[in-house]
Amino acid sequence: VWFQRCSMLPSSAFCIRDDQTAFEAVKRISKNNLACLVATNGMGRISGVISERDIIRKVALLNQDVTQVKINEIYTFATKLATVKPSDTIDQCLEKIGATSNDGYLPVVDDAADLVGIISVED
């Protein structure tokens with residue numbers, strides 16, 4: 001039941017290739033009223049998460065050009081990223097959010113580790 005809200009958007013709404021610019025991420029975040037996006041590599045696998053906070057701290061505050069900085073230069077890398085499955089309980093999700101540096105976001109993946117959604121602590 002908790003996963004229902006995640007599945008309301010197609011995965012393309014909350015995904016972005018990690019070789020795109022921070023500006024492309026800002027546009028997608030704004031268009032879909034999100035706080036973060038899941039970044040994928042050229043093979044479509046999760047490579048990290050890019051959040052509004054990443055863009056503010058690592059681009060805007062450092063006076064970097066948002067149209068030149070690539071997502072893979074500033075995101076939270078997948079190796080540091082916790083994920084959950086649709087079958088995980090809310091308590092399990094909250095535990096993972098609290099134990100990671102995901103900025104309060106968890107990609108939801110299926111058994112093949114393919115992205116099916118994203119949740120936040122606010123959900």
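Reading along the sequence, the protein follows the pattern β-α-β-β-α-β-α-β-β, and before I go further I should say that what we are looking at is a predicted model. The secondary structure comes to 3 helices and 6 strands, and of the 123 residues of the protein, 41% count as buried.

Let me stay with the overall picture for a moment. If we take contacts between residues at least 6 apart in sequence, 52% of them join residues at least 24 apart. As for the surface, the protein exposes about 7100 Å², and carbon and sulfur atoms supply 51% of that area.

Now to the interior. The largest nonpolar core has 25 residues, and the ones with the most contacts inside it are A25, L37, I50, I55, I71 and I74. Several elements each supply at least two residues of this core, among them the strands β1 (15-17), β2 (36-40) and β3 (46-51), the helices α1 (22-31) and α2 (52-60), and, further along the chain, β5 (105-109) and β6 (115-120). Which element gives the largest share of this core? That is β2, from which 4 residues come.

L37, which lies in the range given for β2, is worth following on the screen. Leaving aside residues up to four places away in sequence, L37 touches A13, F14, C15 and I16, then A25, R28 and I29, and finally G48, V49 and I50. There is also a second, separate core, this one of 7 residues, and it includes A82, C93, L106 and I119.

Since cysteines have come up, let me turn to them. How many disulfides does the structure hold? The count is 0. Of the cysteines, C15 has a relative accessible area of 15%, which is under 20%, and therefore it counts as buried. C36 is buried as well, with a relative accessible area of 4%.

Finally, the aromatic rings, where the count comes to 1 pair. Y75 and F77 form that pair, which is edge-to-face, with 4.9 Å from centre to centre and 75° between the planes. Are the two partners buried or exposed? Y75 is buried, with a relative accessible area of 7%, whereas F77, at 41% relative accessibility, counts as partly exposed, because that value falls between the 20% and 50% cut-offs.

To close, the two things I would ask you to look at on the screen are L37 with the residues it touches, including A25 and I50, and the edge-to-face pair of Y75 and F77.

How values were computed
Residues numbered from 1 in each chain as written. Predicted model: local features only at pLDDT ≥ 70, side-chain atom pairs only at ≥ 80, totals over all residues. Heavy atoms only, no water. Disulfide = S-S within 2.5 Å. Buried < 20%, exposed > 50% of the residue type's maximum accessible area, 1.4 Å probe, protein only. Core = buried A, V, L, I, M, F, W, Y, C linked by side-chain atoms within 4.5 Å. Contact = heavy atoms within 4.5 Å. Phe/Tyr/Trp six-rings, centres within 6.5 Å; stacked < 30°, edge-to-face > 60°. Areas by Shrake-Rupley, 256 points an atom, 1.4 Å probe, with all protein chains shown as cover.
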